[in-house]
Amino acid sequence: MTQISAQPDLEQKQSVPGPSDQAPSAQPQLAPDVIAKVNALVDVLAKGKALDILAFDISQHCSFADALFIATAASSRQAQALADQVLAASAAEKLGYLRMEGHSAGQWILVDCADVIINILLPTTRELYRLEGLWSGCPILFGKPEPA
C-alpha cells in the first residue's frame, strides 16, 4: 500500500488549486504518529474495498483534527463493515477512538479517531454533500480528487 510521508506529494498537491499552493518548505509537517495513523487507516479502508479514498491534511485549517478521510462504500452494509474495521484497527493498533455517528443508517458514517476523522459515504450521499470541495484548499495526503 502507498505510504505517505511528512510532505504531501507535489504532483498531487498541484492538482488541487487553492490557498495552500506554496513551496514545499512552507507545507505543514504532520507528527510521525499522525502519519503512521493515516497510513494504517488507508490500509484498513483499502483492504475493505473502499472506493475513491481521499485523505487531507487539515491541520492548518481547523483545530479539531490533523487529517480527514473521505471514502465511498458501495452499500450501507459495506459502509458499516468499513466503520467496524476502522474501529477494530483502532483498538488493535491503539490508534485512538472517540466515537462513531451514523452507523445504524449507513449512508454517512463518521468515525472520530481523535486527530483523524473518517467519513464513509454511499455514492449518492458523497455526490450530494461534495465534502472534497470543503477541503480543496488542504494538501492531499492520499488519493486523487475527481475533476470538478
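Trainee: Which residues does Ile120 touch, not counting those up to four places away in sequence?
Mentor: Contact means heavy atoms within 4.5 Å. By that rule, and leaving out residues up to four places away in sequence, Ile120 touches Leu45, Ala71, Ala73, Ala79, Leu82, Ala83, Gln107, Trp108 and Ile109.

Trainee: What kind of model is this, and what is the average pLDDT of the chain?
Mentor: This is a predicted model, with residues numbered from 1 along each chain as its sequence is written; local features need pLDDT (the predictor's confidence in each residue, from 0 to 100) of at least 70, side-chain atom pairs count only at pLDDT 80 or more, and totals for chains, interfaces and linings use all residues. Side-chain values use heavy atoms, with hydrogens and water left out. In the chain, 80% of the residues score at least 70, and the average pLDDT is 85.

Trainee: Where is the pLDDT below 50?
Mentor: Where pLDDT is low, the predicted coordinates should not be read in detail. The stretch in question has 30 contacts in the model beyond near neighbours in sequence. The pLDDT is below 50 over residues 7-26.

Trainee: Which element gives the largest share of the largest nonpolar core?
Mentor: A nonpolar core is a set of buried Ala, Val, Leu, Ile, Met, Phe, Trp, Tyr and Cys residues joined through side-chain atoms within 4.5 Å. The largest one has 31 residues, of which Val38, Leu45, Phe69, Ile118 and Ile120 touch the most other members. Elements giving two or more residues to this core include α2 (32-47), β1 (51-57) and α3 (76-92). The largest share, 8 residues, comes from α2.

Trainee: Is Thr125 buried or exposed?
Mentor: Thr125 lies in helix α4, residues 123-129, where helices (H or I, at least four residues) and strands (E, at least two) are DSSP runs, numbered from the N terminus. Buried means under 20% relative accessible area, exposed over 50%, partly exposed in between (1.4 Å probe, protein chains only). At 8% relative accessibility, Thr125 counts as buried.

Trainee: What is the angle between the planes of Trp108 and Tyr129?
Mentor: Rings of Phe, Tyr and Trp (its six-membered ring) pair if their centres lie within 6.5 Å; planes under 30 degrees apart count as stacked, over 60 as edge-to-face and the rest as tilted. The count comes to 1 aromatic pair. Trp108 and Tyr129 form this tilted pair, with 5.1 Å centre to centre and, between the planes, 50°.

Trainee: How many residues apart in sequence are the parts that this pair ties together?
Mentor: Trp108 is partly exposed at 29% relative accessibility, and Tyr129 is partly exposed at 46%. Trp108 lies in strand β4 (residues 108-113) and Tyr129 in helix α4, so the separation in sequence of the parts tied together is 21 residues.
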